[in-house]
Amino acid sequence: MVDEDWDDNPEWDESNTRPLDAPAKLNFVRALLGMNQADFAALLGIPLATLRNWEQRRTEPDATAKTLIDLIFADPQGMRERLERRNAA
């Protein structure tokens with residue numbers, strides 16, 4: 001007997017997806033930019049261990065770090081350029 005209300009292949013849209021959390025955003029942006037953890041941590045100006053802990057969900061970024069992550073996620077290439085200019089100064 002098949003339940004007609006059950007759909008094993010639902011349509012995906014904004015109503016049935018979860019927003020990405022900070023670790024998922026970091027992993028996505030880092031992959032998009034083609035950077036390894038060490039280079040990405042240096043770009044952000046944070047210790048490599050901190051980035052690893054965030055990405056592996058061992059620790060959670062504070063509110064300021066989450067804001068930075070959101071800004072980078074919104075414009076990965078633009079923020080990379082800004083951070084590289086900041087780091088070069």
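**Figure 1. Salt bridge between Asp70 and Lys25 in the predicted model.** In this predicted model, the side chains of Asp70 and Lys25 form a salt bridge with an N to O distance of 2.5 Å. Distant parts of the chain are linked by this pair, since Asp70 belongs to helix H4 and Lys25 to helix H1, 45 residues apart. The two partners fall into separate accessibility classes: Asp70 is partly exposed at 38% relative accessibility, whereas Lys25 is buried at 15%. Lys25 counts as buried because its value lies under 20%. Side chains of opposite charge can pair when their charged atoms come close.

**Figure 2. Surroundings of Lys25.** Helix H1, which holds Lys25, spans residues 22-33. Leaving out residues up to four places away in sequence, Lys25 touches Leu20, Ile69, Asp70 and Phe73. Of these contacts, Asp70 is also the salt-bridge partner of Lys25. The relative accessible area of Lys25 is 15%.

**Figure 3. Phe73 of helix H4 and its contacts.** Phe73 lies in helix H4 and is partly exposed, with a relative accessible area of 28%. Which residues does Phe73 touch, not counting those up to four places away in sequence? They are Leu20, Lys25, Phe28 and Val29. For Val29, the C-alpha atom is 6.2 Å from that of Phe73, although the two residues are 44 apart along the chain. Leu20 appears among the contacts of Phe73 and also among those of Lys25.

**Figure 4. Salt bridge between Asp21 and Arg57.** In the salt bridge of Asp21 with Arg57, the closest N and O atoms are 2.9 Å apart. This pair, too, links distant parts of the chain: Asp21 sits in the segment before H1 and Arg57 in the loop between H3 and H4, with their positions 36 residues apart. Asp21 is partly exposed, its relative accessible area being 33%. Arg57 is exposed at 51%, because its value is over 50%.

**Figure 5. Backbone of Arg57.** Arg57 is placed in the loop between H3 and H4. Its phi is near 60°, a positive value in a residue other than glycine. Most residues other than glycine have a negative phi. The side chain of Arg57 takes part in the salt bridge with Asp21.

**Figure 6. Salt bridge between Arg82 and Asp75.** The side chains of Arg82 and Asp75 meet at an N to O distance of 3.4 Å. Both residues are partly exposed: the relative accessible area is 42% for Arg82 and 33% for Asp75. The salt bridges of the model come to six, including this pair.

**Figure 7. Leu26 and the largest nonpolar core.** The largest nonpolar core has 16 residues, of which Leu26, Phe40, Leu44 and Ile72 touch the most other members. At least two residues of this core come from each of H1, helix H2 (37-44), helix H3 (48-55), helix H4 (63-74) and helix H5 (76-88). What does Leu26 contact, leaving aside its neighbours within four places in sequence? Leu26 is in contact with Phe40, Leu44, Leu51, Trp54, Glu55 and Ile69. In soluble globular proteins, nonpolar side chains tend to be buried together.

**Figure 8. Packing of H2 against H5.** The axes of H2 and H5 are 9 Å apart and meet at an angle of about 70°. The two helices are therefore roughly perpendicular to each other, because the angle falls in the range 65 to 115 degrees. On the H2 side the contact is made by Ala42, Leu43 and Leu44, and on the H5 side by Arg80, Leu83, Glu84, Arg86 and Asn87. By residue class, the contact of H2 with H5 divides into four nonpolar, one polar and three charged residues. Leu44 of H2 is also one of the core residues that touch the most other members.

**Figure 9. The chain as a whole, for orientation.** The protein chain has five helices and zero strands, running α-α-α-α-α from the N terminus. Of its 89 residues, 27% count as buried. Among contacts between residues at least 6 apart in sequence, 54% join residues at least 24 apart.

How values were computed:
Residues numbered from 1 in each chain as written. Predicted model: local features only at pLDDT ≥ 70, side-chain atom pairs only at ≥ 80, totals over all residues. Heavy atoms only, no water. Helix = DSSP H or I, 4+ residues; strand = E, 2+ residues; numbered from the N terminus. Buried < 20%, exposed > 50% of the residue type's maximum accessible area, 1.4 Å probe, protein only. Contact = heavy atoms within 4.5 Å. Core = buried A, V, L, I, M, F, W, Y, C linked by side-chain atoms within 4.5 Å. Salt bridge = Lys/Arg side-chain N within 4 Å of Asp/Glu carboxyl O. Axes fitted to C-alpha atoms, helices over the stretch in contact; angles between N-to-C directions. Parallel < 35°, antiparallel > 145°, perpendicular 65-115°, else oblique. Nonpolar A, V, L, I, M, F, W, Y, C, P; charged D, E, K, R; others polar.
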